[in-house]
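Trainee: Hi! Could you walk me through this protein while I have it open?
Mentor: Sure, happy to. Ask whatever comes to mind.

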Amino acid sequence: MEIEGDLVDRCRVNSLVEVPGCEPVHGLVRWDPVHSVWNGGMLSASLVLGPVFLTWDAVLAFVILTGASLLLGHSVGFHRRLIHRSFACPLWLERALVWIGTCVGMSGPLWMIRTHDLRDWAQRNPQCHDYLAHRGGMLRDYIWQVHCRLILDHPPGFDLGGAGRDPFYRFLERTWMLQQLPIAALLFLLGGWGWVIWGVCVRVTVSVTGHWFVGHLAHTRGPQSWQVVDAGVQAHDVPWAAIPTMGEAWHNNHHAYPGSARIGIHPGQSDWGYAFICLLRRAGLAWDIVLPEQLDRAEAIKRVASPPSKAAEGLTEART
């Protein structure tokens, strides 16, 4: 199928606007009270109340809700659709997936776009602040990423396009913490306080902490197949996390082909996010799905390790 908007660079940082003088190196890390209190509160409730209300059915509710929200919301809705626009779908479906992504509990959709694109842009530069590169040790990085924010001395601008003007997304941005309330009410009716603690507090804590932990590893250590030319921060794969992250842990592949809807590009690399997009395509609900071989990356990346099979060798030469 012909890709809609084929002349557009599908690997660009979509929302960020480089204004004169902007740079990602100099800035101060400051406490972020909103996210810190939220994340700290969820962690405290999980540690204190989680063991008290531990039952097999509460844990099962946690597993199902965590897996579904990370797959449908965070991986497909937020990352592959809203941020990278790697496939097209009906607006009602996009909004449903983005709502699920908001319910993961990290933040609102517009904050997620800005945070992702700032880091993406910074890591493609020859140098960037330690905060944006996950440098400085695991403990400091955890505190920075979960409880603080970076204020750059000379930040870029942002143009969030249609997402920034969408009244539903603006509503989610204002009320992202409150979106847990209807979920908590439903869980309470179905299973009592145990389901609420495990289905909301533990789920949010595991999602936030897991997102930071895999992100930290994916930018500091692990196997690589490619390097991005002139980028100061290179990505790594985190193979053990492929299934719980729905394919997002093949982060080295993602840096190499950021506009691709398929992140697990080598044989044997589990990618449930892409599998779900393929299901949507079969149902007529997804189209214009961008794949690595459709992206001209021959000058942008270089091979640093042999791919698992000959099938992957032609990716960097596919459009030369």
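Trainee: How much space lies in the largest cavity?
Mentor: About 50 Å³. Keep in mind that this is a predicted model. A search of the whole structure turns up 1 cavity of 30 Å³ or more.

Trainee: How does one look for empty space anyway?
Mentor: You roll a probe the size of a water molecule over the atoms, and that shows where empty space is left.

Trainee: Which residues line the largest cavity?
Mentor: Among them are Asn-39, Met-42 and Leu-43, along with Tyr-142 and Val-146. Val-204, Thr-205, Val-208 and Thr-209 also line the largest cavity. The elements giving two or more residues to that lining are H1, H6 and helix H10 (193–218).

Trainee: And which element gives the largest share of the lining?
Mentor: H10 does, with 4 residues.

Trainee: New topic. How many salt bridges does the structure hold?
Mentor: There are 8 salt bridges. A nice one to click on joins Glu-248 and Arg-80, where the closest N and O atoms are 3.3 Å apart. This pair links distant parts of the chain: Glu-248 sits in the loop between S5 and H11, while Arg-80 belongs to helix H2 (residues 56–83), 168 residues apart.

Trainee: Are those two buried or exposed?
Mentor: Glu-248 is buried, with a relative accessible area of 14%. Arg-80 is buried as well, at 2%. The cut-off for buried is under 20% relative accessible area, so both values qualify.

Trainee: What else meets Arg-80 in a salt bridge?
Mentor: The side chain of Asp-271 does, at 2.9 Å from N to O. Asp-271 lies in the loop between H11 and helix H12 (272–282) and Arg-80 in helix H2, so this pair ties together parts that are 191 residues apart in sequence. Asp-271 is buried too, just like Arg-80.

Trainee: Can you show me one more salt bridge?
Mentor: Try Asp-130 and Arg-135, whose side chains meet at 3.1 Å, N to O. Asp-130 counts as partly exposed, at 30% relative accessibility, and Arg-135 is also partly exposed, at 32%.

Trainee: Back to the earlier ones: which residues do salt bridges with shared partners join into one network?
Mentor: Arg-80, Glu-248 and Asp-271.

Trainee: Okay, backbone now. What is odd about the phi of His-134?
Mentor: Its phi is near 60°, a positive value in a residue other than glycine. You will find His-134 in the loop between helix H5 (130–133) and helix H6 (138–147). His-134 is buried, with a relative accessible area of 6%.

Trainee: What about Met-246, what is its phi?
Mentor: Met-246 has a positive phi of about 65°, although it is not a glycine. Look for Met-246 in the loop between strand S5 (226–228) and helix H11 (251–256). At 7% relative accessibility, Met-246 counts as buried.

Trainee: Now the outside. Which residues form a nonpolar patch on the surface?
Mentor: Leu-47, Val-48 and Leu-49, with about 280 Å² of accessible area together. Leu-47 lies in helix H1 (residues 33–49). Leu-47 is exposed, with a relative accessible area of 59%.

Trainee: Last one: what does the UniProt annotation cover?
Mentor: The unreviewed UniProt entry has "domain: Fatty acid desaturase" over residues 58–259. Over that stretch the chain is 63% helix and 5% strand, and the end C-alpha atoms are 37 Å apart.

How values were computed. Residues are numbered from 1 along each chain as its sequence is written. This is a predicted model: local features need pLDDT of at least 70, side-chain atom pairs count only at pLDDT 80 or more; totals for chains, interfaces and linings use all residues. Side-chain values use heavy atoms; hydrogens and water are left out. UniProt positions are given in the numbering used here, feature names are shortened, and annotations may be inferred rather than shown by experiment. Patches are made of residues with over 30% relative accessible area and no salt bridge: like charges are joined within 9 Å, nonpolar side chains (Val, Leu, Ile, Met, Phe, Trp, Tyr) within 5 Å. Accessible areas come from the Shrake-Rupley method with a 1.4 Å probe; for residues, only the protein chains shown count as cover. A salt bridge is a side-chain nitrogen of Lys or Arg within 4 Å of a carboxyl oxygen of Asp or Glu. Buried means under 20% relative accessible area, exposed over 50%, partly exposed in between (1.4 Å probe, protein chains only). On a 1 Å grid over the protein atoms alone, a cavity is a set of points where a 1.4 Å probe fits but cannot get out, and a pocket is an open set with protein on both sides within 12 Å along at least five of seven lines; lining residues have an atom within 4 Å of a point. Grid points are joined across faces, edges and corners, and a volume is the space filled by probe spheres set on the points.
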